[in-house]
Amino acid sequence: MIYIPAKTIVYRDAKGSSWFGGDYKMNIYRGCNHGCIYCDSRSDCYQNPDFGTIKVKENALAIIRNDLSRKTKTGVIMTGAASDPYNPLEKDLGLSRRALELIRSHGFGIGIATKSPLVTRDIDILRDIQEFAPVIIKITVTCADDALSQKLEPNTPPSSARFAALKDLADNGIFAGVLLMPVLPFITDTTENILGIVAQAKASGVRFIYPGMGVTIRTGQREYMYRCFDTTFPGMKEKYIQTFGNTYSCGTPAYHQIWPQFKSACNQAGILYTMETIIKSYKTVYGDEQLTLFE
């Protein structure tokens, strides 16, 4: 177990509430061992060269308790942007669960991004929080097919297990949906894959699918992804170099083909897919008076 020092853990989101209506950010862990070949958090700009090793922030719960007690305004705390809060260490440490207990006791809302079905362990606390504050759970799914997901995300539970977790959350009344990102050019940007995800999401009872129709590639991340391409998708590195060069944001060339089909399938399924409607939906269930506390 590697512990690292931290002065604060729950802090104001500098971007405001543009990303799923979050007001604060929280990361108990640093690094990730999912091994996803496309992960932006592997980029050099984040200054975490040993990204594949999970580190635990020392005295995390005491720091979170202090951070929350010092806030003069409640809001929605987002976790999971740079390190999955339900990584393998969490099963034994239970730090994310105990942080949720603190969030519940201090009256904050919670937004969680994860690739792990372990989040369903904490449905009891999430239901408690949702009684008085907004809750949104985002589970990343990039592939309709388990075999492909294991190539792209080798150390994560397969897509089918994530859809099962989404169904469990939905069946318990938790506002949950899919982060469909990235959509990798020439790999997952097919009609079959995108519509397959929508179909499985509908069967799971999700409220939303938020897509990112492309992938970001930066120094550090680019080299890792291209090494993985050499062994898993021969010839793909050369195709990316030829198509995108050193561009940071690489949108899928298939966008104009798959976006109308994705949009139509979501509309037919009653699934939200825009940031504005997702935020409005998961926050306004509390009524106008309560909503003002979380805007």
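Is Phe 20 buried or exposed? Select Phe 20 in this predicted model and check. Its relative accessibility is 0%, so Phe 20 counts as buried.

**Stop 1: Phe 20 and Phe 208.** A search of the whole structure finds 18 aromatic pairs. Start with Phe 20 and Phe 208. Their ring centres are 6.1 Å apart and their planes meet at 50°, so this pair is tilted. Now colour by secondary structure. Phe 20 lies in the loop between β2 (10–12) and β3 (24–26). Phe 208 belongs to strand β10, residues 208–211. The two are 188 residues apart in sequence, so the pair ties together distant parts of the chain. Phe 208 is buried, also with a relative accessible area of 0%.

**Stop 2: Phe 175.** Keep Phe 208 selected and add Phe 175. Here the ring centres are 5.7 Å apart and the planes are at 20°, so the pair is stacked. Phe 175 sits in the loop between α6 (159–171) and β9 (176–180). It is 33 residues from Phe 208, so this pair too links distant parts of the chain. Both Phe 175 and Phe 208 are buried.

**Stop 3: the cluster.** Widen the selection to Trp 19, Phe 20, Phe 175, Phe 208, Tyr 210 and Tyr 282. Ring pairs link these residues into a cluster.

**Stop 4: charges over rings.** Leave the cluster and select Arg 42 with Tyr 224. Arg 42 lies over the face of Tyr 224, 3.7 Å from the ring centre. Then go to Lys 239 and Phe 186. The charged end of Lys 239 sits over the Phe 186 ring, 4.4 Å from its centre.

Note on methods:
Residues numbered from 1 in each chain as written. Predicted model: local features only at pLDDT ≥ 70, side-chain atom pairs only at ≥ 80, totals over all residues. Heavy atoms only, no water. Phe/Tyr/Trp six-rings, centres within 6.5 Å; stacked < 30°, edge-to-face > 60°. Helix = DSSP H or I, 4+ residues; strand = E, 2+ residues; numbered from the N terminus. Buried < 20%, exposed > 50% of the residue type's maximum accessible area, 1.4 Å probe, protein only. Lys NZ or Arg CZ within 6 Å of the ring centre and 35° of its normal.
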